[in-house]
Amino acid sequence: MKISNVLFFMSVVLLAFVTTRCTSPATKVDDAKENLRDAEIDLAKSLKDSTEAADWKEFKAAAQTKLDAYRSDIASLREKKSKGGKFMDPIYGEQILTLEQKSLALQTRVDDYEKYHSNWETFKREFDHDVDELGKTLKDISTDNSK
């Protein structure tokens, strides 16, 4: 009796094992196709990420150069107006202060992008626009219209 129970139990286990492990060739093909699609998606994402990383390094270096140049120009404007022996015009002083604040805000955005990756193309477009606006404002302020 013990042997028949053991044989019955073993045959049930063997039957369960065989039925769960057998898959049809169509199922295997479907699984392989799905795995291939997943691998292609992962590859495309990796390529995009590596391209963005290289583009980011180049962009950051160029942005840093522009911001450094603008900070230098702002400092020279402040120095130029204060050396003239005249008191700095309050409106001119406010404009310089605003330029300094915009420059610092742009520097913070560049530094924070690495921490909080947002949409790269949107960030790049908006940042370039804001840097160009800072440059235009700086040029307008530095132009002497008193002639």
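In the protein chain of this predicted model, residues 24 or more positions apart account for 73% of the contacts with a separation of 6 or more. The secondary structure of the chain consists of 4 helices and 0 strands, and the elements follow one another from the N terminus as α-α-α-α. Of the 147 residues in the chain, 16% are buried.

The packing of helix 3 and helix 4 was examined in detail. Two packed helices are described by the angle between their axes and the distance between the axes. For helix 3 (residues 90-113) and helix 4 (residues 120-142), the axes come within 11 Å and cross at roughly 160 degrees. Because this angle falls in the range over 145 degrees, helix 3 is roughly antiparallel to helix 4. The crossing of the two helices is left-handed. On the side of helix 3, the contact is made by Tyr92, Gln95, Leu99, Lys102, Ser103, Leu106, Arg109, Val110 and Tyr113. Helix 4 contributes Trp120, Phe123, Glu126, Phe127, Asp130, Val131, Leu134, Thr137, Leu138 and Ile141. By residue class, the contact of helix 3 with helix 4 comprises 12 nonpolar, 3 polar and 4 charged residues.

Two residues of helix 3 illustrate its surroundings. Ser103 lies in helix 3 and is among the residues through which helix 3 meets helix 4. Its relative accessibility is 1%, so Ser103 counts as buried, the cut-off for this class being under 20%. When neighbours within four places in sequence are left aside, Ser103 is in contact with Leu67, Arg71, Ile74 and Leu134. Of these partners, Leu134 belongs to the helix 4 side of the contact between helix 3 and helix 4. Gln107 is likewise found in helix 3. At 12% relative accessibility, Gln107 also counts as buried. Residues up to four places away in sequence not being counted, Gln107 touches Gln64, Leu67 and Arg71. Leu67 and Arg71 thus appear among the contacts of Ser103 and of Gln107.

Charged pairs were considered next. Side chains of opposite charge can pair when their charged atoms come close. The model contains 6 salt bridges, among them the three described here. Asp55 forms a salt bridge with Lys124, in which the closest N and O atoms are 3.3 Å apart. Asp55 lies in helix 2 (residues 25-83) and Lys124 in helix 4, so this pair ties together parts that are 69 residues apart in sequence. Both members are partly exposed, with relative accessibilities of 24% for Asp55 and 23% for Lys124.

A further salt bridge joins the side chains of Arg78 and Glu100, with an N to O distance of 3.1 Å. Since Arg78 is located in helix 2 and Glu100 in helix 3, the pair ties together parts that are 22 residues apart in sequence. Arg78 is partly exposed at a relative accessible area of 29%, and Glu100 is partly exposed at 26%.

The pair formed by Arg71 and Asp68 lies within one helix. The closest N and O atoms of this salt bridge are 2.9 Å apart. Because the two residues are 3 positions apart in helix 2, Arg71 and Asp68 are separated by about one helical turn. Arg71 has a relative accessible area of 29% and is partly exposed; Asp68, at 37% relative accessibility, is also partly exposed. In addition to this salt bridge with Asp68, Arg71 is in contact with Ser103 and with Gln107 of helix 3.

Contacts of helix 2 with residues further along the chain also involve Lys66, which lies in helix 2. Lys66 is partly exposed, its relative accessible area being 37%. Apart from its neighbours within four places in sequence, Lys66 is in contact with Val131 and Asp132. Lys66 and Val131 are 65 residues apart along the chain, and their C-alpha atoms are separated by 8.0 Å. Val131 is in addition one of the helix 4 residues that make the contact with helix 3.

Note on methods:
Residues are numbered from 1 along each chain as its sequence is written. This is a predicted model: local features need pLDDT of at least 70, side-chain atom pairs count only at pLDDT 80 or more; totals for chains, interfaces and linings use all residues. Side-chain values use heavy atoms; hydrogens and water are left out. Axes are lines fitted to C-alpha atoms, for helices over the stretch in contact, and angles run from 0 to 180 degrees between N-to-C directions. Angles under 35 degrees count as roughly parallel, over 145 as roughly antiparallel, 65 to 115 as roughly perpendicular and the rest as oblique. A crossing is left-handed if the near helix is turned anticlockwise from the far one by less than a right angle, and right-handed if clockwise. Contact means heavy atoms within 4.5 Å. Ala, Val, Leu, Ile, Met, Phe, Trp, Tyr, Cys and Pro count as nonpolar, Asp, Glu, Lys and Arg as charged, and the others, Gly among them, as polar. Buried means under 20% relative accessible area, exposed over 50%, partly exposed in between (1.4 Å probe, protein chains only). A salt bridge is a side-chain nitrogen of Lys or Arg within 4 Å of a carboxyl oxygen of Asp or Glu.
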